[in-house]
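Dear colleague,

Please find below the structure that I am handing over to you, together with its sequence. My notes on what was found in it follow directly after.

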Amino acid sequence: LFFVFFSLLVDFRKKTATACAFAKQGRGLIKVNGQPIELIEPEPLRLKAFEPVLVLGQEKFANLDIRIRVKGGGMTAQIYAIRAAYHAKYVDESSKNELRKTLMAYDRNLLVSDPRRCEPKKYGGRSARSRFQKSYR
């Protein structure tokens with residue numbers, strides 16, 4: 001099902017975390033920042049990084065080597081950027097719609113970026129929305 005003729009580069013963002021996935025034909029290895037995906041920390045979020053493989057099936061990733069570089073943001077944002085970066089951008093057109101429906105039914109964030117960002121601070125208060133307390137005397 002997966003056809004990678006030479007290599008493919010995909011990047012994905014979550015908040016300020018950026019994950020860049022590089023796919024090529026190989027033996028089914030998935031590495032994040034040089035270490036296997038099985039060793040991702042924190043452990044409770046490790047399953048989140050595995051979700052695209054578990055939903056689509058490991059046989060679809062069997063002939064691909066995927067290297068993911070992730071930087072910026074916090075631990076959770078990096079995990080969400082990883083899971084979106086290596087999902088199904090490596091497929092031919094005939095099976096693309098089928099995989100898209102499967103992923104969309106499971107979780108929309110695997111295909112579509114989350115547009116929420118941090119709101120900038122304004123004058124007259126401590127943060128973006130809060131204001132300093134007003135006093136009349």
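Read from start to end, the protein chain runs in the order β-β-β-β-α-β-α-α. In total the chain has three helices and five strands. Please bear in mind that this is a predicted model, and that the values below were computed from it.

**Overall features**

The protein chain has 137 residues, and 38% of them are buried. Its accessible surface amounts to about 9,200 Å², with carbon and sulfur atoms accounting for 54% of that area. Where contacts link residues at least 6 apart in the sequence of the protein chain, 67% of these contacts join residues at least 24 apart.

**A residue in strand 5**

I66 belongs to strand 5, which covers residues 64–71. Is I66 buried or exposed? Its relative accessibility is 2%, and buried means under 20%, so I66 counts as buried. I66 also offers an example of separation in sequence set against distance in space: Q25 lies 41 residues away along the chain, while the two C-alpha atoms are 8.6 Å apart.

**The largest pocket**

The volume of the largest pocket is about 180 Å³. Its lining consists of G28, L29, I30, K31, P36, I37, E38, F50, V53, Q58, F61 and A62. Two elements, strand 3 (30–32) and helix 1 (46–56), each contribute at least two residues to this lining. Sorted by class, the residues that line the largest pocket are eight nonpolar, two polar and two charged.

**The largest cavity**

How many cavities of 30 Å³ or more does the structure hold? There is one cavity of that volume or above. The largest cavity has a volume of about 70 Å³. Strand 1 (7–14) and helix 2 (75–85) are the elements that provide two or more residues of its lining. Strand 1 makes the greatest contribution to the lining of the largest cavity, with three residues. The full lining of the largest cavity is F12, R13, K14, Y80, R83, N109, V112, S113 and D114. By class, these lining residues comprise three nonpolar, two polar and four charged.

For your own inspection of the model, the residues lining the pocket and those lining the cavity may be convenient places to begin.

With kind regards

Terms used:
Residues are numbered from 1 along each chain as its sequence is written. This is a predicted model: local features need pLDDT of at least 70, side-chain atom pairs count only at pLDDT 80 or more; totals for chains, interfaces and linings use all residues. Side-chain values use heavy atoms; hydrogens and water are left out. Helices (H or I, at least four residues) and strands (E, at least two) are DSSP runs, numbered from the N terminus. Buried means under 20% relative accessible area, exposed over 50%, partly exposed in between (1.4 Å probe, protein chains only). Contact means heavy atoms within 4.5 Å. Accessible areas come from the Shrake-Rupley method with a 1.4 Å probe; for residues, only the protein chains shown count as cover. On a 1 Å grid over the protein atoms alone, a cavity is a set of points where a 1.4 Å probe fits but cannot get out, and a pocket is an open set with protein on both sides within 12 Å along at least five of seven lines; lining residues have an atom within 4 Å of a point. Grid points are joined across faces, edges and corners, and a volume is the space filled by probe spheres set on the points. Ala, Val, Leu, Ile, Met, Phe, Trp, Tyr, Cys and Pro count as nonpolar, Asp, Glu, Lys and Arg as charged, and the others, Gly among them, as polar.
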